Every structure is written in structure tokens, then in C-alpha cells.
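Q: Could you take a close look at the nonpolar interior of this protein, and explain it step by step for someone who is new to reading structures?

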Amino acid sequence: MNKIVLIIVAFLMAGHIMAQKQEVSATKIGNRIDVLIGNNFFTSYRFQPDEKYPFFFPVNGPVSGGTVTSMRNGVYPHHSSLFFGCDRVNGGNYWQEGLGRGQIVSIGARIVEAKGERVVIEDECIWKRPDAQAPIIDRRKITISSPSKDLYLLDFDIEMEMLMDVTILKTNHSLFSARVDADLTVKQGGVMINSEGKKGEKGTFGVGSAWIDCYGKRQTGVEGIAIMQHPSNRWFPSPWFTRDYGFMSPTPMYWPENGRESNLKKGEKINLRYRVAVHAGDVKEANVAQLFEQYKSE
């Protein structure tokens, strides 16, 4: 009898969780794709040809409805919210401002699944600069879902194919990154915490962690943004480059094995997966550790 009761309870709980899922929808407008969760605007994937690289902005939270990321604030105009790039690639710069030094250009952004429990966007991007051969082409799949009204998930899966032998000199400017809104930064009273429970730039910089969460109090309540690295990634768990002013990035290229550079062969393909969790509450209330365990098993 007890076993039957437990099965019924589990079934009801599963139904409740399913009922909490929100519909997600996407619309392509020129050189951007807008994503709504329910009736609320969540993010735009922006791929204008005159930008340094494609990026997401804004990335709105479930509590405030305002962005949890920042767009080129302060003295770092190359921090474009939530983005993927790299410096010092075969002499090119695919991170900092100046298109002549290098640019990651979308050549095929499209919506694969436009509406339902998730949205799926695919894109293909060429890394190019004037008077030089393109060293890399990448293919990315972006999946956005909302398991509940308090949680938005953005999965960023990317395959980088080397079009020639590639050398990436030691650089702190590499791969998936977020510039966090000032409200959520350590400097403004927010919290940055990694999967080991270490806090702030002092505790997280250079530490190989599965995830980092940044959260803070806003007028409407506490919300945050976490970035998770999937265990299947090369270099997992990658060390993080963090700043108390609101920057976080799992950055293997700043800690290359030989201390100088990372070398990739022509034809080599690197697959990397990241999950962004935009959430209500602090790290415990949002169950970030449990969310990573779920992500790890996927």
C-alpha cells in the first residue's frame, strides 16, 4: 500500500513540475533572434555583420524582468553581455574591439524550433580578418527553456573546427564569458560563488570549478546568473578568470599545459558545452548544485 501511495505522490509531483514549464518562442527580426518566455522578453541573439562577434543581450531575469548582464560598461567596451570569442589566435584578435584585428561573423543563423517547451537556434560562424585565411569555423546550437517561472536555461553547444593549424598564445580573453550587471557584482554587494563554495575573485580566480554563480539583491528581490561547464568538455574543469566588478569566464587558454600556448591541428574539432541558468533567489534557493548534477547527466 505504501509503495502505491509513493508512486501516486511521485506522479503528482512530476505532473506539477511539468505544469510549471513555460512556453518559449522565438522570432527572427533582421540580424537578431528575439526569445520570449511566456509573455516575457528573455533575450536577443544578435549577429549583426558590423559587430565583433554574435552575442546575447539583454539576458533578462525572472524576478526583475531586467537584464542580469551588462553591455560594454565601464572601461571594458569589449565585454558584450554573454558571448564567445578568443584573442591571440594565429595573430588575430577575436575578442577586443576593432574589426580589422579579427571578427566572428554569422553566416547562417536560423530558428530550428520556434515554439514549445524549448526554442532551438543554430548558427554557423566564420572567424576572419583582412589579408589572412580564416583559422576557425564554428557551429553552434542554442537551446532555451524554462523549467519553472523562477528559472530560465540557455544551453550553448559549440563545435570549433580548425581550418588550419591554430596556435592560441596564452590569453585571459578566451571562450564563453559573461559580463554581469552591476547589481549582481561583488563590488556592489552581490555574491560570486563557485561549486566548491569559494567566493569572490580571491576565491574563484584560477580555480577549476564546474560552475560559478553570481547573484545579488535588486528592488524586486534576489536573482542571479550561473555558468556551468559540461564534464564532456576538453579541459574540464577549466580554471576561471573572474573579476569582482562582474566578469566570469572558464578560460583554459590562460593556463595552457606548456605555460605558453595551446596548439590545435588542421581538421581538429573541439566540442564545448555550457549551460547558463538565470534564476530567482540565491545559490541555495535556486538549487544550482542540483541543476549542475542534472546537466552533468544529460
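**The nonpolar core**

A: In this predicted model, the protein is built with three helices and 21 strands. Before turning to the interior, it helps to consider the overall form. The C-alpha trace spans about 70 × 40 × 40 Å along the principal axes, and the radius of gyration is 19 Å, which agrees with the value near 19 Å that a compact globule of 298 residues would have. Of the 298 residues, 51% are buried, where buried means under 20% relative accessible area.

In soluble globular proteins, nonpolar side chains tend to be buried together. Here the largest nonpolar core has 59 residues, and within this core Phe84 and Met160 are the residues with the most contacts. The element that gives the most to this core is strand β12, residues 151-162, which supplies six residues.

Leaving aside residues up to four places away in sequence, Met160 touches Phe84, Trp127, Ile136, Ile137, Leu175, Ile270 and Leu272, and also Asp138, Glu268 and Lys269. Apart from this core there is a second, separate one of 15 residues, which includes Ala210, Trp211, Ala277 and Val288.

Contacts across the whole chain can be described in a similar way: among those between residues at least 6 apart in sequence, 62% join residues at least 24 apart. Turning finally to the outside, the accessible surface of the protein comes to about 13,400 Å², and 51% of that surface belongs to carbon and sulfur atoms.

Note on methods
Residues numbered from 1 in each chain as written. Predicted model: local features only at pLDDT ≥ 70, side-chain atom pairs only at ≥ 80, totals over all residues. Heavy atoms only, no water. Helix = DSSP H or I, 4+ residues; strand = E, 2+ residues; numbered from the N terminus. Rg over C-alpha atoms; globule rule 2.2 N^0.38 Å. Buried < 20%, exposed > 50% of the residue type's maximum accessible area, 1.4 Å probe, protein only. Contact = heavy atoms within 4.5 Å. Areas by Shrake-Rupley, 256 points an atom, 1.4 Å probe, with all protein chains shown as cover. Core = buried A, V, L, I, M, F, W, Y, C linked by side-chain atoms within 4.5 Å.
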